[in-house]
Amino acid sequence: MQAKLLRAVGLAAVLGLVMLATPARAMEDKLVVVTSFPKDLTNVFKEAFEKKYPGVKVEMLKKKTTAGVKYIQETASNNTSDIFWASAPDAFEVLKGDGLLAKYDVKQQGIPAKIGAFPLNDPDGYYKGFAASGYGIMWNTRYLKAKKLPVPQEWEELARPVYFGHVGMSAPSRSGTTHLTVETVLQGLGWEKGWALWKAIGGNLKTVTERSFGVPSGVNSGDFGIGIVIDFFGFSSKATGYPVDFRYPSTTALVPANIAIVKNAPHPKNAAAFIEFLLSPEGQELLLDPKIQRLPVRPELYESKAKHLPNPFKGEIAAKVAFDVKKSKARYNVVNSLFDVMITYRLNDLKAATKAIHDAAAALKAKPNAEGEKLLAEARALVAAVPIDEARSLDPAFAGVFKKKRKKATDKITGRQAEIEQQWDEMVRANYAKAKELAEKAAAMAR
Amino acid sequence: MQSQRILIEDLHLAFGSTEVLKGIDLEIRPGEFFAFLGPSGSGKSTLLRAIAGFGPKPSRGRIVIGEEDVAGLPPWERNVGMVFQNYALWPHMTVWKNVAFGLEERCVPKAEIAARVEEALQLVGLLELAQRRPSQLSGGQQQRVALARTIVVRPRVLLLDEPLSNLDANLRVQMRRELLRLQRELGITTIFVTHDQEEANTTADRMAVLDQGVIQQVGTPMELYDAPVNLFVAGFLGSANRIRGRVVAEAGSRVFRGAGGVVLPVPPDEAEGEAWAIFRPQNVRLLEEGDASTEKVRQGVACFAGKVLRAEFLGSIIRYALVLEDEEEILLDEPHRPGQHVLREGERATACIDAQAVRILRQ
Amino acid sequence: MMLAAQGRMQWGAAATGLSVLLVLLVFFVVPVAKVFYVAFLDAQTGELTLVNFLDFFRTSLFRESFFNSLYVALMSVVVATIIAVPLAYFTTRFNFTGAALIHTLGVIPLIMPPFVGAVAMQMLFGANGSINLLLDEWFGFTIPFMEGLNGVILVESIHYFPFILINLSASLSNIDRAMEEAAQNLGAHGFRLFRRVVFPLAMPGFAAGAALVFLKVFDDLGTPLLLNVNNMLAPQAYLRISSIGIADPMGYVISVILVVFSLFSLWVSFLATRGRDYASVQKGGGGLMKRDLRTWEKVGAWAVIVLILIVVLSPHIGLLLLSFGTIWSFSVLPDAFTVKHYQEVFTTAWPYIANTLLYAGLAALLDVILATAIAYVVWRTNLPGRQVLDYLGTAAVAVPGVVLGIGYLRMFHDFNVPLVNEPLASWWVIIVVALMIRRLPYALRACTAALQQVSVALEEAAQNLGAGRFSTVRRIVVPLMAGGIAAGFVTAFATAAVELSAVLILVSKESDAPLAYGIYVYMQTAAGRGPGAALGVLAVIIVGVATYLSHRFVERTRAEREAAGRQAATGAA
């Protein structure tokens, strides 16, 4: 009996082997795309491209942005990927920095050089923007109604006491898009004020999700009511039928979603064809699919098929911040690490301090007390404090601590990431604890 | 503790729809060493377990220990000591802990537990192994621990389920004497189950032979051996020749005429009709050729002629198989003496038996 | 002559042992070592150092994470025990029609596909999940089932309690009935009997199950990540390893610490149960006395069991609702029901399903082959160092999937497979290999247990009749182990079919992707939640059916063997 079973399994195994090995060997004409985009987006392009170029098989390799970068880095010595296709320009910067991308000149005409204040393409010619995305606030209408919460309009509003425990966001180290949001606010408001805002919002967070999709997913479920998300998450959730809505706050960055050819791509011709297709009017129109909902980079579309979308080329999305890619890149890892140390990993401490501050503020409003106000201000300052200033964040020697390898043997780097994070962590924890204590004292005074 | 009587009345017990005990009536006297003997499946173990309270509830009947009917009580309220066939020593406890278990369950004061466990282990001669685990003991030692564990709680009666079956032959003889010594010393009413008649014969004061859920016969080993009430008992206890035939009236007396031309004198009060003649091989002796005569029948000895089928040397005896007329076969044992003449296969021989060694059974 | 034969037999065994060792070295030890090596490097200078470990213990966040992981693992064992003990007790102790149900449904939680399970649990138990919405509406309060560590403990214990259930049930049914009777005979009954005799005897099984739960929870990455709990070791390791461009060796340091601690706890549980494998000491067997339940007891037992099963199957219930629901947002139940998710899945999911069956089937097959070989070499030969195979095979349980995946990428990317002309690291077979290594410990346990139950005398009888060692293994040992091998195959197959962590890293082509990956891809989009759940339901059904069939097979072989055993026993007496 079991002999028969074993034989059957063995046969199945051999059959399976043949089945799967055959196409793999026969594939002369294929295209391997490493992408962070959801299936809803990639499938549309895959099908259209395969239809246009019969005989080419497109492999969409779905990875989270961070994992995709890691994958291309780890497999560089024997590369099998043709294209890297993701949102966050930073991820492309990292790959470019490691020399893992190939230069490519686009043949398509009619695409502006800038979208808002943001240059659409890599000035060095490694990666191209194919769609624009803006960051904004997404909310669950049922949730807000049930909890009687107002619809937030601006980032600053998310720090209001009413939203305590109702907000969700991802961490910049986990999600390239979130990194952009964080960096945009830091550049828009300045280092100190920017961090103060993020920590004030951080104190209201229900959770810091591990993936960027975790945020729309949480809002969709009603696990939390408000999320900081990239626009297409909001649009596509709404299009799917979830009781959610989305808006752009006035301080936002419009950034392109990008595409690039991986160095030593096994199928460079197909890769080039894919990029051309993506940027052609035909490809750009596909972005308007209700499940995709991204802003095309061809301005003429906003006059016709994309009329319902805000036109970024006409300032319909107020992108006040002139995003500085160099700056962003210089402190990429420092910002990630700071956010994690101050918010992600100390969320409970931060929330406790924030709760105490909210309570104290409410108490003082009801019964003003100058001494109390002073303590409260002190508490807020403690929560807001950042271990390092902007200059240090941009210091290449300091940022080097967070880098993989020294660029030159002569570069002197002192300190280890773990050592520095540990110092930050101690400071942050002490600050939060102290802030909580002060706020409680302030509240007591108003009683 | 006073020795207790065990009284079983009309006990019926079934596993599902299969009736395993069919109306057991039995009295075991106080202080008696009593054996249940029978082939496997006879119900002997089931009966023992029923006394201890294991197995399905009896559908009918009483089990009285001392003056108390225990048939309705759960096992833990019976205070009946049982030693299991495989000893059932708990491997996660030391010998000492195993023995102390029952006393702890009875909430005996600690000091007394220590004293009694020590005493019990002393009794079985294993005090020095008290801290070992059961897995570190030999079979015989495990047996003794199991015994100590049971008797330390001073049960009303002691039940032994095939206590010697897991031991090798030498140890078995030794343990069986030890069991007997212990039983006598404690004066505790003891039942033990066995399928080995030698074990039962050597130890039991009395025994019951069971077959198919029914007690076939109760008595001392010798009574059962010499006067089996039926063919089963006769055949189960030792070897027996069974010859089928009839009791007929002949010349004012009664004679058994059986297969193979066997003619045996029977007591005059024996009724006529179908019957079996039963006799033990060792009661049959060989005669020289030609000695047989009907005269000897009248003198209370019957002889019959046959041919040697085979001769087996069993040490103390030589066992012959003779073929009589009609292919009827009987066994006879000759004590073995050095230099003795051994009949060979095919030789003719005559065998004789005293009439009083023959038992006539109707069945 | 005798020696020569002995020598020849040893050569065959040695060759087997060495091949197994080679497989384990190439596909397990070296890749993992390659990853761990980073933990011992100074990130800046590239020199060997232990400073990273010092950093670990100096950082309060890591210390906190360590204790959180420990706490969650221990509490999960406690909660899993509370779930598993009554189920095991009822099934082994009473003649109870629910037993088969418990045995089948009790294993289902193990085959919860990733992502969807946690989403389903959130929908039911989350802060604004069905239960809390109802509680809030009716009573005006909510219970934070899913908040922080509580959520992790809840999900983990529901997911992993079958390990305790399976092991404890096996132990309980191996207890010699006389052990219990002897205690009753001496006056013990009820709970005291259970506590003093039955449970200690079942302890080895319980300890094995509990150790497995502890280990899996301690190492588990998916659940804390999905519940956004970061202050635990495994997520800390993962978050650090997978961050863009960061050269932080701490992720690897944490991985090393995870593995070392897991091995340590394995070793402790090994020490605790060593020499207590009571089943082999006991001669009778036959399991505990089973008794019939009275009517009201039956009602009570059913109530307890149904309650437990509802809790335990809640992820699946939620999953089913998700898969049939249209939109489910901030409401007790989905807004409406539809079958369109299934329609979508049926048109796109076949490659995923085929790949899953192929990968999990092959991996499980290789697992039982390896496991049988290891068990045989370890228990039936006296090759020097044979225990190493057992240790390595077991140690695989302590290595997180991410670490193995990264190790494979590092080690096999430069190796092109001949004929296929693809790097081994991106060839689909590497996924099978990863699954094989990840699930080897399960198969090894099952096969070892099965081999230990095969009497050496049966092998000797075969050898006596002229069968060589190989022939003996093939014709006597393997058939007699069939039940255990099948059990090992089932466990390996069922759990491999829903494995994600290593797969996520190793899938290099969508056409090579298994179900778990397909679910992951679906669950990344707003519109994909329903189809993802539908795919999850399909996965559960497929694996569940496969499990059930193999379970039937195991039961039948066992029944046949027992019948044969009974016959032999009657014949002998």
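Where in chain C is C:Phe330 found? C:Phe330 sits in the loop between helix 15 (314-324) and helix 16 (340-348) of chain C, where helices (H or I, at least four residues) and strands (E, at least two) are DSSP runs, numbered from the N terminus. This is a predicted model, in which local features need pLDDT of at least 70 and side-chain atom pairs count only at pLDDT 80 or more, while totals for chains, interfaces and linings use all residues. Residues are numbered from 1 along each chain as its sequence is written, chains are lettered from A and ligands numbered from 1 in the order in which they are written, and side-chain values use heavy atoms, with hydrogens and water left out.

**Residues with positive phi**

Most residues other than glycine have a negative phi. C:Phe330 has a positive phi near 50°, and this residue is buried at a relative accessible area of 12%; buried means under 20% relative accessible area, exposed over 50%, and partly exposed in between (1.4 Å probe, protein chains only). C:Asn228 lies in the loop between helix 10 (222-226) and helix 11 (233-241) of chain C and counts as buried at 19% relative accessibility. The table lists these two residues with two from chain B.

| Residue | Phi | Location |
|---|---|---|
| C:Asn228 | near 60° | loop between helix 10 and helix 11 of chain C |
| C:Phe330 | near 50° | loop between helix 15 and helix 16 of chain C |
| B:Cys107 | about 55° | just after helix 2 of chain B |
| B:Gln212 | about 50° | turn between strand 9 and strand 10 of chain B |

**Chain B as a whole**

Chain B has nine helices and 20 strands, and its C-alpha atoms fill a box of roughly 80 × 50 × 35 Å along the principal axes. Of its 363 residues, 53% are buried. Among the contacts (heavy atoms within 4.5 Å) in chain B with a separation of 6 or more, 65% are between residues 24 or more positions apart. The accessible surface, obtained by the Shrake-Rupley method with a 1.4 Å probe, comes to about 16,200 Å² for chain B, and 48% of that surface belongs to carbon and sulfur atoms.

**The six-stranded sheet and its helices**

In chain B, six strands form an open sheet of mixed pairing in the order 6-7-8-3-9-10, two strands being taken to pair if DSSP finds at least two bridges between them. Strand 6 (80-83) and strand 10 (214-219) of chain B are the edge strands, each pairing on one side only. Neighbouring strands of this sheet are turned by 20° against each other on average, direction ignored; axes are lines fitted to C-alpha atoms, for helices over the stretch in contact, and angles run from 0 to 180 degrees between N-to-C directions.

Within this sheet, strand 7 (residues 157-161) and strand 8 (residues 189-194) of chain B run parallel and are joined by five bridges, with B:Ile191 as the bridge partner of B:Leu159. Strand 9 (residues 206-211) and strand 10 of chain B are instead paired in the antiparallel sense, over five bridges, and B:Val209 has B:Gln217 as its bridge partner. These two strands form a hairpin with two residues between them.

Helix 4 (residues 139-151) of chain B lies across strand 6 and strand 7, at about 175° to strand 6, whereas helix 5 (residues 169-186) of chain B lies across strand 3 (33-37), strand 7 and strand 8, at about 135° to strand 3.

**The five-stranded sheet**

Another open sheet of chain B has five strands in the order 15-19-16-17-18, with antiparallel pairing. Strand 15 (284-287) and strand 18 (329-335) of chain B stand at its edges with a single partner strand each, so one side of each has no neighbour in the sheet. The twist averages 50° from one strand to the next. Strand 17 (residues 317-323) and strand 18 of chain B run antiparallel and are joined by seven bridges, with B:Ile317 standing opposite B:Pro335.

**Between the chains**

Two pairs of chains are in contact, and chains A and C share the most contacts, whereas no contact joins chain A and chain B, whose closest C-alpha atoms lie 33 Å apart. A:Lys70, in helix 3 (residues 65-74) of chain A, is buried with a relative accessible area of 12%; beyond its neighbours within four places in sequence, A:Lys70 is in contact with C:Ile241 and C:Tyr252.

Helix 2 (residues 95-105) of chain B has eight of its 11 residues buried, including B:Phe101 and B:Leu103. The cover over these buried residues includes helix 3 (110-124) and helix 4 of chain B, together with helix 8 (177-185) and helix 9 (190-219) of chain C.
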